[in-house]
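Subject: Structure handover

Hello,

Here is the structure I promised to pass on. Please open it next to this message; my notes follow below.

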Amino acid sequence: MTTPLLCCDENEKLQLTRRGVLGRGLAVGAGAALTGLAGEALSTSLAFAAGTYTGDTLVVVSLRGGFDGLSAFAPIGDTDYYQARPGIAVPKAKVIGGDGGMFGLHPALAPLLPQWTAGRLAAVHAVGQPDPTRSHFAAMEAMENAAPGTSIRSGWLDRMLGLTGASGPLAAVSLGDAMPARLLAGASPDVSMKGLDDFTLSADGKKPMAAALRAMYADAPPVLAGPALAADRALAATTAVKGAYTPANGAVYPDTDLGEALRDVARLIKGKSGLVTAAVDCGDWDMHQGLGPAVAGQRMYDNLLDLSTALAAFVKDLGDQGMRNVTVLTISEFGRRVKENGSRGVDHGHGNAMMLLGGGIRGGRVYGDWPGLDTQALVAGDLAATTDYRSVIGEVLQKRCGLGALDTVFPKVKPSAFGLAAAR
């Protein structure tokens, strides 16, 4: 058995402690987090931008732990792939979809194959960060801040939200066990909740907590009243979408954290809540051991199946009409090494793959500049990153979210010119 490049107790501690930080309260920009919610945190801003947002709802799914893009979108046309991974490479005979040559989709992505075939699902391969690291903590922080070499400390999703002019109480929401402290940190208002039906003030119902909160801060200075009254607005805004919910079009969400979170995102979208962006986490991608071959019952297969089943249910629930104004994209702090280790897993690496899904995505293909897996092409044993992940997001922000110059969101980064998204 080989020794992993990084002890992943680090990742386990991150999973255990980030929600605890949120629960205790988190200062964000000019606002503050309201404590007293049932396991939740609400970050608010005292300065709201005016305007009406008309772009896509952007759903960001963070694949925590280091997603293995070489499994999900296997480079079946690169012979070095099979030499580096004799026990876990996806056989050519098992891939589905793909581009007919270099890449093929892992068979566990079958629930999303109709989206690929219809041209609504795409991938970008060999993406990465400009200053790679194999530390979960450092890589996540850098990925969510997305402004290396600057003094900017807010999250890129917060900065994106600020440019939209959206200021509704539910404009930005993180759902499930999301860890959005860096991604949504900043001046724009956002709400973090376990789930819509659980979003409430502690003890509300036994005591008139919401009414008491409003009365307490009615005459307080804005710097004090802002967070409390924003919490009240958020609670009121969720009322219309709480309660019994039946997904449309026969969609069935899996009984997983991701399935429940995406179900709530769909409820917010269909409930016309003013949702601009949603952050959702999907963990357990840190596969140093037991990634396994591409068959059911193996860790990578089962995780990819859970991911694709939840996303497919989300698409079915919203329907073609609903998905015309929604873009889903995945990000992960880093990829995995090219060569498998002695435990049928792969250690922390660099280059990775992103998925993009939506009515405005020109899918059915893998974008990017493929560097190859020849030993000379690798970077310290890793897939080279030929595309900055921020440039991919930048293209989506411009074409689907209607943003102009992106330097505020991603300093000194130009949007990619792949043509992977159609302009609205």
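The structure holds 0 disulfides. Keep in mind that this is a predicted model. Two cysteines are worth a look all the same. Cys282 counts as buried because its relative accessibility is 11%, under the 20% cut-off. Cys401 is buried too, at 3% relative accessibility.

Helix 11

Helix 11 covers residues 389-399. How many of its 11 residues are buried? The count is 9, so the helix is mostly covered. The buried set starts with Tyr389, Arg390 and Ser391. Val392, Ile393 and Gly394 belong to it as well. Glu395, Val396 and Leu397 complete the list.

Strand 9 and its neighbours

Strand 9 runs over 326-331. Here 6 of 6 residues are buried. Both faces are covered. One side carries Val326, Val328 and Thr330. The other side carries Thr327, Leu329 and Ile331.

Which strands pair with strand 9, and in what sense? Strand 2, residues 57-63, pairs with strand 9 in the parallel sense, over 6 bridges. Within that pairing, Val60 has Leu329 as its bridge partner. Strand 10 pairs with strand 9 in the antiparallel sense, over 3 bridges. There, Thr327 of strand 9 stands opposite Gly358 of strand 10. Thr327 and Leu329 are both on the list of buried residues given above, on one side of the strand.

Cavities

The model has 2 cavities of 30 Å³ or more. The largest cavity holds about 160 Å³ of space. It is lined by 20 residues. Closest to its centre are Gly128, Gln129, Ser332, Glu333 and Phe334.

Several elements supply at least two lining residues each. They are strand 5 (121-128), helix 5 (136-145), strand 9 and strand 10 (352-358). Strand 10 gives the most, with 3 residues. So strands 9 and 10, which pair with each other, both help to line this cavity. By class, the lining divides into 9 nonpolar, 9 polar and 2 charged residues.

The largest pocket

Where is the largest pocket centred, in terms of residues? First its volume: about 420 Å³ of space lies in it. Of the 21 residues that line the largest pocket, Thr57, Ile269, Lys272, Leu275 and Asn325 are the closest to its centre. Helix 9 (257-270) and helix 10 (299-323) are the elements that give two or more residues to the lining. Helix 9 has the largest share, 3 residues. The lining of the largest pocket has 8 nonpolar, 10 polar and 3 charged residues.

Ser308 in helix 10

One more residue to inspect is Ser308, which lies in helix 10. Is Ser308 buried or exposed? Its relative accessible area is 0%, so Ser308 is buried. The side chain of Ser308 has a polar atom 2.9 Å from the backbone oxygen of Ala108. That distance is within the 3.5 Å limit used for a polar contact.

Where to start

I would open strand 9 before anything else. It is buried on both faces, it pairs with strand 2 and with strand 10, and it supplies at least two residues of the lining of the largest cavity. Then go to the largest pocket, with helix 9, and end at Ser308 in helix 10.

Best wishes

Key: Residues are numbered from 1 along each chain as its sequence is written. This is a predicted model: local features need pLDDT of at least 70, side-chain atom pairs count only at pLDDT 80 or more; totals for chains, interfaces and linings use all residues. Side-chain values use heavy atoms; hydrogens and water are left out. A disulfide is a pair of cysteine sulfur atoms within 2.5 Å. Buried means under 20% relative accessible area, exposed over 50%, partly exposed in between (1.4 Å probe, protein chains only). Helices (H or I, at least four residues) and strands (E, at least two) are DSSP runs, numbered from the N terminus. On a 1 Å grid over the protein atoms alone, a cavity is a set of points where a 1.4 Å probe fits but cannot get out, and a pocket is an open set with protein on both sides within 12 Å along at least five of seven lines; lining residues have an atom within 4 Å of a point. Grid points are joined across faces, edges and corners, and a volume is the space filled by probe spheres set on the points. Ala, Val, Leu, Ile, Met, Phe, Trp, Tyr, Cys and Pro count as nonpolar, Asp, Glu, Lys and Arg as charged, and the others, Gly among them, as polar. Two strands pair if DSSP finds at least two bridges between them. A polar contact is a pair of N or O atoms within 3.5 Å; within protein, one must be able to donate a hydrogen and the other to accept it, and residues adjacent in sequence count only if both atoms are side-chain atoms.
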